[in-house]
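Okay, thanks for coming, everyone. I'll put the structure up and then walk you through a few parts of it.

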Amino acid sequence: MKIITLDHPIDDRQRGQLLFEGHLLIYRQRSSMLELIDYTISMLKIELADLEPTSAQRHLNTEQFLQATGAAQTRFRTDPKARQLFFQVLRECGVKTHSCYYDHFPLRVVPFCSSHTGAHRAAIAHHRDTWGSNIHSQQNWWAPIYTLSSERTIAIYPAYWHQAIANTTESWSFEEFLAARAKSEIERQVPYPSAPSPIQTVDESDVVKLVIEPGDVLNFASAQLHASVPNTTDATRYSVEMRTVHLSDLHANRQAPNIDNAASEPMYFWFKNIESKQKLSHLS
Ligand SMILES: [Fe+2]
């Protein structure tokens with residue numbers, strides 16, 4: 001696995017070839033990403049009553065912090081401008097957005113001590129994003145809003161590119177998750193996992209904790225095993241992410257190897273075209 005830093009765009013074919021060989025791509029300083037960062041910070045400050053977002057937890061109790069960051073996440077998720085800015089980031093990385101499909105665009109929040117964690121505001125445990133979607137041509141995009149450090153970032157486990165890990169893909173059901181979510185009374189608290197997870201301890205010895213700059217964008221195959229690094233620093237982590245599927249990869253069968261996913265039904269309908277908003281189907 002190589003970490004390839006790019007100051008220029010690359011085309012969809014080259015990107016797919018590199019990612020599905022297991023390499024990680026870092027696109028440096030995309031101007032639309034810098035614009036999106038400013039826009040996201042202004043949104044956070046509205047919901048956090050002008051507190052500095054990375055240290056707001058010092059001034060708010062857990063309930064206040066979870067309420068404010070939850071409101072910021074909802075505002076971000078439903079904001080068309082934020083999404084459009086990230087589509088522009090993808091174009092600046094070389095993505096042909098008319099043949100590219102995405103699922104959603106969340107703002108992640110990882111508090112710096114466990115007292116302020118809550119649903120969707122916590123470190124995410126080890127997983128592959130292809131578990132659940134079952135689309136091995138799927139790509140992940142990830143970008144920080146504020147400065148990172150090795151204890152406040154994303155972790156990738158390249159050894160598991162070729163190595164299986166026992167997991168719940170055989171038993172996990174999207175339908176059961178939807179049913180549990182429909183019955184859930186508290187937003188974001190669903191008593192059924194939102195995705196499959198490992199049932200075996202992950203070997204941390206070859207972990208890669210990527211520290212990129214605000215304005216940089218990380219791109220990796222969704223089949224890479226990854227997790228949030230538990231935030232043991234003194235600043236809250238905020239980051240954005242998107243998953244994409246590119247028609248050219250599907251048509252050329254460019255995809256990551258399936259090492260340990262026991263499910264097989266691709267969830268194409270999770271993805272919609274960036275330009276037309278049409279749902280992805282296997283015949284696209
Ligand atoms: Fe993920």
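**A quick tour**

So, what's in here? Seven helices and 11 strands make up the secondary structure of this protein. Its radius of gyration is 18 Å, and the globule rule gives 19 Å for 284 residues, so the protein is as compact as a globular protein of that length. Please keep in mind that this is a predicted model.

A bit more on the overall picture. If you lay the C-alpha trace along its principal axes, it spans about 50 × 40 × 40 Å. Out of the 284 residues, 39% count as buried. And take the contacts between residues at least 6 apart in sequence: 82% of those join residues at least 24 apart.

Now let's zoom in on helix H2, residues 31-47. I'll go through two of its partners.

Partner one is helix H4, residues 80-92. The axes of H2 and H4 are 8 Å apart, and the packing angle is about 160°. Anything over 145 degrees counts as roughly antiparallel, so that's what we call H2 and H4. Their crossing is left-handed. Who makes the contact? On the H2 side we have Ser31, Ser32, Met33, Glu35, Leu36, Tyr39 and Thr40, and on the H4 side Lys81, Ala82, Leu85, Phe86, Gln88, Val89 and Glu92. Sorted by class, that H2 and H4 contact has seven nonpolar, four polar and three charged residues.

Partner two is helix H3, residues 62-77. The axes of H2 and H3 come within 8 Å, and they cross at roughly 140°. That angle makes H2 oblique to H3. The crossing here is right-handed. From H2, the contact uses Thr40, Met43, Leu44 and Glu47, and from H3 it uses Ala68, Ala71, Ala72, Arg75 and Phe76. By class, we get six nonpolar residues, one polar and two charged for H2 with H3. If you were taking notes, you'll have spotted Thr40 in the H4 contact and again in the H3 contact.

Last stop, a single residue: His226. You'll find His226 in strand S9, residues 226-228. Is His226 buried or exposed? It has 24 C-beta neighbours inside 10 Å, so His226 counts as buried. Leaving out residues up to four places away in sequence, His226 touches Ile154, Ala155, Ile156 and Tyr157. For Ile212, the C-alpha to C-alpha distance to His226 is 16 Å, with the two positions 14 residues apart in sequence terms.

That's my tour, so over to you for questions.

Technical notes
Residues are numbered from 1 along each chain as its sequence is written. This is a predicted model: local features need pLDDT of at least 70, side-chain atom pairs count only at pLDDT 80 or more; totals for chains, interfaces and linings use all residues. Axes are lines fitted to C-alpha atoms, for helices over the stretch in contact, and angles run from 0 to 180 degrees between N-to-C directions. Helices (H or I, at least four residues) and strands (E, at least two) are DSSP runs, numbered from the N terminus. Angles under 35 degrees count as roughly parallel, over 145 as roughly antiparallel, 65 to 115 as roughly perpendicular and the rest as oblique. A crossing is left-handed if the near helix is turned anticlockwise from the far one by less than a right angle, and right-handed if clockwise. Two residues are in contact if their C-beta atoms, placed from the backbone, lie within 7 Å. Ala, Val, Leu, Ile, Met, Phe, Trp, Tyr, Cys and Pro count as nonpolar, Asp, Glu, Lys and Arg as charged, and the others, Gly among them, as polar. The radius of gyration is taken over C-alpha atoms; the globule rule is 2.2 Å times the number of residues to the power 0.38. A residue is buried if 20 or more other C-beta atoms lie within 10 Å of its own, exposed if 12 or fewer, and partly exposed in between; C-beta atoms are placed from the backbone.
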